[in-house]
Amino acid sequence: MVTKEQVMEALSNVIDFELGLDVVSLGLVYGVDVDQEGNVTVTMTMTTPACPLAGMILQDAEDKVRQLEGVKDVKVNLTFDPPWSPEMMNEELRKRFGL
């Protein structure tokens, strides 16, 4: 059975093309749920509601998760609540950007 950790690892290969950084490090993934049947629900956001590449990024996230062994179905939910802020990035990125 697929695990939350495996899903997060797959999502770490999804790149925000404008920033050139992965969505996990950026703090764009708000949650991952995996049920007993292998259905995965990912809740994520974009850095801004006006992100022109949101559709591509969300599709890439779905595709990467769908490739994992044991995944039956994938649903990616987009939310802007709470709004993303730079404080949501991982510690390494915050240091890199002087935050």
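This is a short tour of one sheet and the two helices beside it in a predicted model.

**The sheet.** Select β3, β4 and β5. These three strands make an open sheet, in the order β3-β4-β5, with mixed pairing. The edges are β3 (29-34) and β5 (73-78); each has a single partner strand, so one side of each lacks a neighbour in the sheet. From one strand to the next the twist averages 15°.

**β3 and β4.** Five bridges hold this antiparallel pair together. Show valine 29, which stands opposite methionine 44 in β4. Then go to the turn: β3 and β4 form a hairpin with four residues between them, and glycine 38 in that turn has a positive phi of about 90°.

**β4 and β5.** Here the strands run parallel, and six bridges join β4 (residues 39-44) to β5. Two places to check are methionine 44, which stands opposite leucine 78 in β5, and valine 42, whose bridge partner in β5 is valine 76.

**The faces of β4.** Turn on side chains along β4. Val40, Val42 and Met44 point to one face and are buried; Asn39, Thr41 and Thr43 point to the other and are not buried. In a regular strand, side chains alternate between the two faces of the sheet.

**The helices.** Select α1 (residues 4-11), which packs on the sheet and touches β3 and β4. The direction of α1 makes about 135° with that of β3. Next select α2 (residues 54-66), which lies across β4 and β5 and runs at about 150° to β5. To finish, display β4, α2 and β5 together: they make a right-handed β-α-β unit.

How values were computed
Residues numbered from 1 in each chain as written. Predicted model: local features only at pLDDT ≥ 70, side-chain atom pairs only at ≥ 80, totals over all residues. Heavy atoms only, no water. Pairing = 2+ DSSP bridges. Axes fitted to C-alpha atoms, helices over the stretch in contact; angles between N-to-C directions. Contact = heavy atoms within 4.5 Å. Buried < 20%, exposed > 50% of the residue type's maximum accessible area, 1.4 Å probe, protein only. Right-handed = clockwise from strand over helix to strand, strands pointing away.
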